Amino acid sequence: MKTRSPAYFAWRRFAANKGALVAGAVLLVLILMAVFAPLITKTGYEAQDFLVQSYAFPSTEFWFGVDDLGRDFFSRIVYGARVSLPIGFTAA
């Protein structure tokens, strides 16, 4: 009989928990978005490229809208994940 490692049993328990799998998938998506932020956003987090569209509501062009200074909220959130995720992992 083959002996199994503790990591095997931990993975089996994790895979049996559907909530943990969904949370892991969401976390993986957030990590990938943070890593590839320049590829998935139109502008940088500090760019004020949309001044004429201040306070734009969420739409297909601006997923989360635009603030009063013409900054895209989606870009700011994606770039903010680059700071928030390491802080969260360090704290945990």
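In this predicted model, a good place to begin is Arg4, which lies over the face of Tyr8 at 4.5 Å from the ring centre. The ring of Tyr8 is also engaged with another aromatic residue, for Tyr8 and Phe9 form an edge-to-face pair, with 5.4 Å from centre to centre and 75° between the planes. Neither partner is described as buried: Tyr8 has a relative accessibility of 27% and so counts as partly exposed, while Phe9, with a relative accessible area of 48%, is partly exposed as well.

That pair belongs to a wider set, since a search of the whole structure finds 6 aromatic pairs. Another of these joins Phe64 and Phe74, which are again arranged edge-to-face, at 5.5 Å from centre to centre and with 85° between the planes. Phe64 sits in the loop between helix 3 (37-40) and helix 4 (73-91), whereas Phe74 is part of helix 4, so that the pair ties together parts that are 10 residues apart in sequence. The surroundings of the two rings can be told apart by their accessibility, because Phe64 has a relative accessible area of 41% and is partly exposed, while Phe74, at 11%, falls under the 20% limit and counts as buried. Trp63 joins them as well, and Trp63, Phe64 and Phe74 form one aromatic cluster.

From the aromatic rings we can turn to charged side chains. The structure holds 1 salt bridge, in which the side chains of Arg71 and Asp67 meet at 2.9 Å, taken from N to O. With a relative accessibility of 19%, Arg71 counts as buried because the limit for that class is under 20%. Asp67, its partner in the salt bridge, has a relative accessibility of 8% and therefore counts as buried too.

It remains to look at helix 2, which runs over residues 18-35 and so comprises 18 residues. From its first C-alpha to its last, helix 2 reaches 26 Å, which is close to the 26 Å expected at 1.5 Å a residue. At the start of helix 2, a side-chain oxygen of Asn17 reaches to within 3.1 Å of the backbone nitrogen of Gly19. When following such an element along its length, it helps to recall that an α-helix has 3.6 residues a turn, so residues three or four places apart point the same way.

Notes. Residues numbered from 1 in each chain as written. Predicted model: local features only at pLDDT ≥ 70, side-chain atom pairs only at ≥ 80, totals over all residues. Heavy atoms only, no water. Phe/Tyr/Trp six-rings, centres within 6.5 Å; stacked < 30°, edge-to-face > 60°. Buried < 20%, exposed > 50% of the residue type's maximum accessible area, 1.4 Å probe, protein only. Helix = DSSP H or I, 4+ residues; strand = E, 2+ residues; numbered from the N terminus. Lys NZ or Arg CZ within 6 Å of the ring centre and 35° of its normal. Expected span 1.5 Å × (residues − 1). Polar contact = N/O pair within 3.5 Å; in protein donor to acceptor, adjacent residues only side chain to side chain. Salt bridge = Lys/Arg side-chain N within 4 Å of Asp/Glu carboxyl O.
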